Amino acid sequence: MTTALAPPTAPDRWEQRLQTAAHPVAYRLLRAVAARGPVVRVPRVGVVVSDAALAREVLGDTVHFTKTGPGSPADLWTPVLGPSVLLNMEGSDHTALRRRLSGLFTPGYVAALCARVLAQPLADLTRRLRAGEEVDLVRVAQICAGAAICEIVGMPVEPGRFATAHAEASEVTRMVRLWRPSMTGRQVSRAREVLGKLTASAVTAYREGSEETLPGRLHGLGLSEVEARGAVGAFLLTGTETLVSFIPRLVALCHDTGRLAGPGMLSCSGSRGGADGGGGAGGYDGADGSAVAGLDAVVEEALRVTVPSPVMLRSVAVATTVGGVPVAPGDRVVIATLLCAQAYGPFAPERPHPPELRRLWFGAGPHFCLGMPLAMAQIHAVLDAVLAAGPTAVTGRRAARRVLIPGYARLDLKLRSTT
Ligand code: HEM
């Protein structure tokens, strides 16, 4: 697959604007690097991989590449979360913890979770749209993220807490910068303070051990208290801003390609199945109960063009080559997932994804996103609530500037006038 990037079509132009607003220098630099080849060594950055098949090779090769060496995610997260939080583990310890967590985000559990925590904010969304109000979907996504956070940390799911819960979790992710491999001492102290406060209720819920709370379920799955607190912290860091970024962008892409015409209207030919690490949303019923062909394909394609987790990092453990480029222990490998995915052209849900690309935006190999079923359930729940309101349109938007994960700062949505 060539890494030469196709010129953007109109909906993709907005996506490019989001990328350049978030990372004015890094995005252009990465694109220039990708134009030089699929694997390029960039001084002070690392070995940049922008080809999907090669990215998959690196992610699946735990002999030569690790998440625990210099320049890897461990440098970033171990000082904040401790040494055993999946994202900074490798080998048998990681496998054992993943195995114990495999029963956590089951389809039944994530469906019940979404129904429980998102019911009120999403009913509100549909009601306000139906009433003709202009609704900022970024704010809605933040409120939904806050509701999910309350559930994850075992706090009572009360609407008054949602905005603060989201603001606290996002304060930590805002400290991360694309090219800085670790946080400063002050940032580490602040991140620990914020996460300590957020996860304090997780400890109480863990000790109570009720199957009604997520920390209680972690207890039931055999995690120690330290592991459970770490897992909760990891869920907050990985599962909050990714969704707050993605959901408005998905709706904007649907609008820009004429797919926001209400229940039963979000369609394209074909539907994508299969997953790298578990089933997706599968067949989907529209808000009116009718089958909506291709909704999964629209969501998957929106994930492909947005890639809410745009970069994955690895450290080289044992000398090898990547796409013919030699790498040595200590080298940092920057997997530019966004560029791997963008190389396949503009937003086109009817085009099937080739095997090497399949769900790369959720990773590949042993670290494949644990929370994908929860992410997909939340995404579909919000989209469902938007469609249930009737035909809507984006009436205003603004790109977020200098953020880690590109996205909208505001995306206004309103019911379309039918006259
Ligand atoms: C659209 C939303 C999301 C995207 C695009 C996404 C993407 C990713 C990616 C790319 C990885 C692999 C990183 C790597 O290999 O370096 C990952 C790992 C992970 N994700 Fe997600 N994620 C999303 C939502 C969530 C949610 C909602 C949760 C949980 C609440 C979650 C929990 C995790 C965890 C725990 C890991 C680490 C797994 C491990 O290292 O074994 N993610 N995610």
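Is Gly146 buried or exposed? At 0% relative accessibility, Gly146 counts as buried. Good morning, and thank you for attending. Please bear in mind throughout that what we have before us is a predicted model.

Allow me to begin with the chain as a whole. The protein chain has 15 helices and ten strands. It comprises 419 residues, of which 55% count as buried. Consider next the contacts between residues at least 6 apart in sequence: 71% of these join residues at least 24 apart.

Let us return to Gly146, which belongs to helix H7. Leaving aside its neighbours within four places in sequence, Gly146 is in contact with Phe162, Ala165 and His166. Take Ala165 as an example: 19 residues separate it from Gly146 in sequence, while the distance from C-alpha to C-alpha is 5.0 Å.

His166, another of these partners, is located in helix H8. His166 also counts as buried, because its relative accessibility is 7% and the cut-off for buried is under 20%. Beyond the residues within four places in sequence, the contacts of His166 include Gln142, Ala145, Gly146 and Ile149. The contacts of His166 also include Thr240, Glu241 and Val244.

Two of those names, Glu241 and Val244, lead us to the second largest pocket. How much space lies in this pocket? The figure is about 350 Å³. The lining is made up of 20 residues, and those closest to the centre of the pocket are Arg174, Glu241, Val244, Val403 and Ile405. Which elements each supply at least two residues of the lining? They are helix H7 (137-152), helix H8 (159-173), helix H12 (241-256) and strand S10 (408-415). Helix H12 provides the largest share, with four residues. As to chemical character, the lining contains ten nonpolar, six polar and four charged residues.

Strand S10 deserves a closer look, and Leu413 is a residue within that strand. Leu413 is buried, since its relative accessibility is 0%. Not counting residues up to four places away in sequence, Leu413 touches a list of residues that includes Leu129, Val135, Leu137, Val251, Leu260 and Val386. Also among the residues that Leu413 touches are Thr392, Ala393, Val394 and Thr395. With Thr395, the separation along the chain is 18 residues, and the C-alpha atoms are 5.7 Å apart.

I now turn to the loops. Val307 is found in the loop between helix H13 (295-306) and strand S5 (312-316). Is Val307 buried or exposed? Val307 is buried, because its relative accessible area is 1%. Once residues up to four places away are set aside, Val307 touches Thr337, Leu338, Ala341 and Trp361. In addition, Val307 and Gln342 lie 35 residues apart in sequence, with 8.9 Å between their C-alpha atoms.

Two arginines in loops make a useful pair. Arg44 is in the loop between strand S1 (39-42) and strand S2 (46-49). Arg402 is in the loop between strand S9 (392-399) and S10. Phi of Arg44 is near 65 degrees, a positive value in a residue other than glycine. For Arg402, phi is near 50 degrees, again a positive value in a residue other than glycine. Why do we call Arg44 exposed? We do so because its relative accessible area is 83%, and exposed means over 50%. Arg402 is exposed as well, with a relative accessible area of 60%.

Let us now consider Ser201, whose place is in helix H9 (residues 185-208). Ser201 is buried, because its relative accessible area is 19% and the cut-off is under 20%. Apart from neighbours within four places in sequence, Ser201 is in contact with Val153 and Met155. A polar atom of the Ser201 side chain lies 3.1 Å from the backbone oxygen of Val153.

Finally, I come to the iron atom of the ligand. Which residue is its only protein donor? That donor is Cys369, through its SG atom, at 2.3 Å. Cys369 sits in the loop between helix H14 (337-342) and helix H15 (372-388).

Thank you for your attention.

Methods:
Residues are numbered from 1 along each chain as its sequence is written. This is a predicted model: local features need pLDDT of at least 70, side-chain atom pairs count only at pLDDT 80 or more; totals for chains, interfaces and linings use all residues. Side-chain values use heavy atoms; hydrogens and water are left out. Buried means under 20% relative accessible area, exposed over 50%, partly exposed in between (1.4 Å probe, protein chains only). A polar contact is a pair of N or O atoms within 3.5 Å; within protein, one must be able to donate a hydrogen and the other to accept it, and residues adjacent in sequence count only if both atoms are side-chain atoms. Contact means heavy atoms within 4.5 Å. Donors are N, O and S atoms within 2.8 Å of the metal (3.2 Å for Na, K and Ca); water is not among the atoms, so sites may look incomplete. On a 1 Å grid over the protein atoms alone, a cavity is a set of points where a 1.4 Å probe fits but cannot get out, and a pocket is an open set with protein on both sides within 12 Å along at least five of seven lines; lining residues have an atom within 4 Å of a point. Grid points are joined across faces, edges and corners, and a volume is the space filled by probe spheres set on the points. Ala, Val, Leu, Ile, Met, Phe, Trp, Tyr, Cys and Pro count as nonpolar, Asp, Glu, Lys and Arg as charged, and the others, Gly among them, as polar.
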